[in-house]
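Me: I would like to go through this model with you, part by part. Could we begin with how the chain is divided and then turn to the ligand?

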Amino acid sequence: MREACDLVVVGAGPGGLAAACRAAEAGLEVLVLDTQPEPGGQVWRGEARKGANRLARRWLTRFAASGARFRPGARVVAAPEPGVLLVEEGSSSFAVRYSRAVLATGARERFLPFPGWTLPGVLGVSGLQVLIKDGLPIRGKRVVLAGTGPLLLAAAATIHAHGGEVLYIAEQASAESHWGFALQLWRHPTKLLQGALMSAALIRVPTSTDAWVIAAEGEGRVESVRLSVRGREEQLRCDYLGAAYGLVPNLEVARLLGCETSAGTVVVNERMETRVPKVHAVGELLGIGGMDQALVTGELAGLVAAEQPIPVELERTWHRVRAFAAQLARHDAPRAELRRLATPDTLLCRCEDVPLSALEGCQNLREARLYARLGMGACQGRTCGTAAQTLFGWSGEDVRPPCLPARIGSLRLPSDVSSTHTRES
Ligand SMILES: Cc1cc2nc3c(=O)[nH]c(=O)nc-3n(C[C@H](O)[C@H](O)[C@H](O)COP(=O)(O)OP(=O)(O)OC[C@H]3O[C@@H](n4cnc5c(N)ncnc54)[C@H](O)[C@@H]3O)c2cc1C
């Protein structure tokens, strides 16, 4: 099976939706692919059904009317040649031939290992929030959150709203960095208001900067956590621990296509063009900046792809959201102590049961993969690879296809799609 389009958009979060709307409204034939069953990405997950969030509803309605086609459950797994993507969808697969691409694959949580981090009941901060939104019963459950940045507050607000008890919020950033970041928020009134409303709802929840989880303990599942809070140790009994240290961009598809990356983000110019001709990147791929950044960069990429003029206001917004992303990156940078929590027998790769001690002597991710099987399991290093990069300062290795686990048959390029065939016919 094959598909052809003017513009393929990988990822249907706010960034991908904004790009698709702008390009389709200008007359391009647009195909949007996403692994999820519905459009919306991380922040608007489930909104296509619920319709509770006004901004999400506006964009999802606009997307539905734009003429862009959406293929749900479609995972981009390989890019065998310029202008072609291989996609796995359920038990079948297909190839997409495109003239331009917008990559909007978002971000994932940064998990850092500590003793007990693989116990049931220990989840990511936003992962726990997503599960609750999807129906995990949390009423009456005691939850400790440890991590960094605004997503801690967002998760705490969701737990609180669903009847859970947030026992403690441990923010790893120093007090100086945290309050410095908060003071800068006057430049971003919407975010300031969101933060103030969430903080007001959580006023009774003990919160500390310079605080992080040392260990999770329990028989068969988490029963208590030990925290380091400004140099002293505290123990709390709990039912769930949400622990993750900010987000990192999902660079796999961008790397497959050969896009240049720097400091863990895709390099783009002001037109959201990567160094690969006719390939754009938007949203969290440019550095963690949240929904506002995703929308504005998506709109810019969609307009450029469709060769439309760029409104000055959109450019101004881009500069503003970029400044916010830079502040957030400084705030969320994991402190040195977090790199020293794992003990030699702490599992670093939970898919392949690789303890930290097995990486002794490895100099980079490739060696860790070859000699210790780190990242060879189902998640393909999405969790442990990121952790190892943070722990050892290793850079991301080149991605080889498939970038997500895939059937061998999905990696076959149909002969009528390859450029050789196109030239001959
Ligand atoms: C778990 C989680 C929860 C979050 N919750 C919130 C929240 O509640 N509030 C908030 O403000 N921010 C939240 N964020 C931050 C969020 O990243 C941004 O606010 C916003 O969603 C970014 O938009 P985006 O379009 O860049 O990416 P995303 O919204 O992340 O969308 C990226 C999309 O790309 C798809 N994708 C990735 N790889 C492939 C592939 N190979 N093939 C096909 N599709 C692919 C994904 O399925 C996803 O739908 C969350 C982030 C995470 C990781």
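**Domains and ligand**

Reply: The C-alpha centres of domain 1 and domain 2 lie 29 Å apart, the domain bounds coming from an automatic or database domain assignment. This is a predicted model, in which local features need pLDDT of at least 70 and side-chain atom pairs count only at pLDDT 80 or more, while totals for chains, interfaces and linings use all residues. Residues are numbered from 1 along each chain as its sequence is written, and side-chain values use heavy atoms, with hydrogens and water left out.

Me: Into which domains is the chain divided?

Reply: Domain 1 is made of two segments, 2–108 + 248–331. The chain is divided into this domain 1, domain 2 (113–244) and domain 3 (337–392).

Me: What is the area buried between domain 1 and domain 2?

Reply: In terms of contact (heavy atoms within 4.5 Å), 12 residues of domain 1 meet 17 residues of domain 2. Buried area is the accessible area (1.4 Å probe) that two parts lose on being put together, summed over both. Carbon and sulfur atoms give 58% of the area buried between these two domains, which is about 1200 Å².

Me: Which residues of domain 1 lose the most area to domain 2?

Reply: Three residues together account for 54% of what the domain 1 side buries. They are Phe324, Gln327 and His331.

Me: Why does the ligand lie between two domains, and which are they?

Reply: The shell around the ligand has 34 residues, the closest being Gly15, Asp34, Thr35, Gln42 and Glu284, where a residue is near if one of its heavy atoms lies within 4 Å. Because both domains give residues to this shell, the ligand lies between domain 1 and domain 2.

Me: Which element gives the most to the shell around the ligand?

Reply: Helices (H or I, at least four residues) and strands (E, at least two) are DSSP runs, numbered from the N terminus. With four residues, the element that gives the most to the shell is α4.

Me: How far is an oxygen atom of the ligand from an N or O atom in the side chain of Asp34?

Reply: Polar contacts with the ligand are pairs of N or O atoms within 3.5 Å. A polar side-chain atom of Thr35 lies 2.8 Å from a ligand oxygen atom, and a polar backbone atom of Val76 is 3.0 Å from a ligand nitrogen atom. For the side chain of Asp34 and an oxygen atom of the ligand, the distance is 2.7 Å.

How values were computed
A polar contact is a pair of N or O atoms within 3.5 Å; within protein, one must be able to donate a hydrogen and the other to accept it, and residues adjacent in sequence count only if both atoms are side-chain atoms.
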